[in-house]
Amino acid sequence: MNLQLNHQLKFLAGKLKGKTIMVSGASGLIGARLIALISTLHTEYDSSIKGIGLYRNEKKLNWAFPTIPEGIKMSRWDVEDGQVPDVGHYDAIVHCAGISGGKKMHLVNPGGVFLTNIGGTKQLLDYNAQHCKGVFLFVSTYEIYGEVLQDTPFKEDYPCRLDTFTLRNCYAEMKRMCEMMCCMWSSQHSFDSYSVRLTSTFGTGVEYEDPRFFAEFARCIIENRDIVLKSSGGTVRSYLDADDAATAMLYIVANGQNGNAYNLTNMQNAISIRDIAQRMIEVSGSEIKLKFDVAEDVAKLGYRKEGCTLMDATKLMDLGWQPVFTLDETIGKLIQSMRKTKN
């Protein structure tokens, strides 16, 4: 194991010893990596940390966890049921669940994306207020900053520039509203809350049919198809390994300051979409090509406006966390994981 990662896990094992962490969206990419991390701390670091996973889709859960990891209890939660199931004692909640902009849901059913996510966050905040009042970490997104007018890393106080008449932005506006809800419920019901603004994240655990661009690139490599970009691929952002994301979130639970948002990214991984496509081809050793078939109206495809979105994660790193995995390592984990799930 990487020495830096081992150091971080030892720290978390000591800091969170005996705690129970509830994770919503336990069958999703980030939630599943959190559950796996909590189980590792439980079994390998003598920490007696336990996890409670909330999931909705049993098929996805069985795909993510053919057997339930040691130290973990799973419970089904569907927002449509109107309430969170009683899961007993917990010390913290990491709220990862929600409908994302994937599969162009923000174009097909924008109202559903918005209201389902708001409703789910309210249910979980109400449950926390009425039960254990544990610390509440909301998983937000880099998209809440909207159009960024600088090409250097920006901190958490960077002003929001979201066009409310761009349909794509319904997802980002929903995340902003959920952050505000966390602030309100935290103040009114006396529990600590934070948000983590997550960059594009991938690695182990990405489903084979995942609609996001990095999964499509990996599918092209696995299926020996040329990668075809429908835009110029000029958008630049920093990427993050899903396992680094999970570790960072537990650092916030352990050391975060109430009422704060934290940018979460690997600042060493700044790269454009076209360059990451080329890098994935090179890392995999594939002989496929990168080609362009740029659409006349890229906005109709639901893509974000091209630009540079580089978050400054210094505030989070000041809590003691550091990213461990390089971009090449994360690409390798993604392709390996997707090859496995394809079979």
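Me: Partly exposed means a relative accessible area between the under 20% of buried and the over 50% of exposed. In this predicted model, what makes arginine 225 partly exposed?

Reply: Arginine 225 has 33% relative accessibility, so it counts as partly exposed. Glutamate 223 gets the same label, because its relative accessible area is 35%.

Me: Why is the contact of glutamate 223 with arginine 225 called a salt bridge?

Reply: The closest N and O atoms are 2.8 Å apart, and the cut-off is within 4 Å, so the pair qualifies.

Me: How do you know that lysine 291 and aspartate 226 meet in a salt bridge?

Reply: Their N to O distance is 2.9 Å, which is within 4 Å, so the pair counts. This one links distant parts of the chain: lysine 291 lies in strand S13, aspartate 226 in the loop between helix H7 and strand S8, 65 residues apart. Lysine 291 is partly exposed at 41%, and aspartate 226 is partly exposed at 27%.

Me: What about arginine 212 and aspartate 210: which is buried and which partly exposed?

Reply: Aspartate 210 has 10% relative accessibility, under 20%, so it is buried. Arginine 212, with 37%, is partly exposed. The two form a salt bridge, with the closest N and O atoms 2.7 Å apart.

Me: Why is cysteine 182 not in a disulfide?

Reply: The closest cysteine sulfur, in cysteine 178, is 6.9 Å away, and a disulfide needs sulfurs within 2.5 Å, so that's too far for a bond. The structure holds zero disulfides.

Me: What makes cysteine 220 buried?

Reply: Its relative accessible area is 2%, and the cut-off is under 20%, so cysteine 220 is buried.

Key: Residues are numbered from 1 along each chain as its sequence is written. This is a predicted model: local features need pLDDT of at least 70, side-chain atom pairs count only at pLDDT 80 or more; totals for chains, interfaces and linings use all residues. Side-chain values use heavy atoms; hydrogens and water are left out. Buried means under 20% relative accessible area, exposed over 50%, partly exposed in between (1.4 Å probe, protein chains only). A salt bridge is a side-chain nitrogen of Lys or Arg within 4 Å of a carboxyl oxygen of Asp or Glu. Helices (H or I, at least four residues) and strands (E, at least two) are DSSP runs, numbered from the N terminus.
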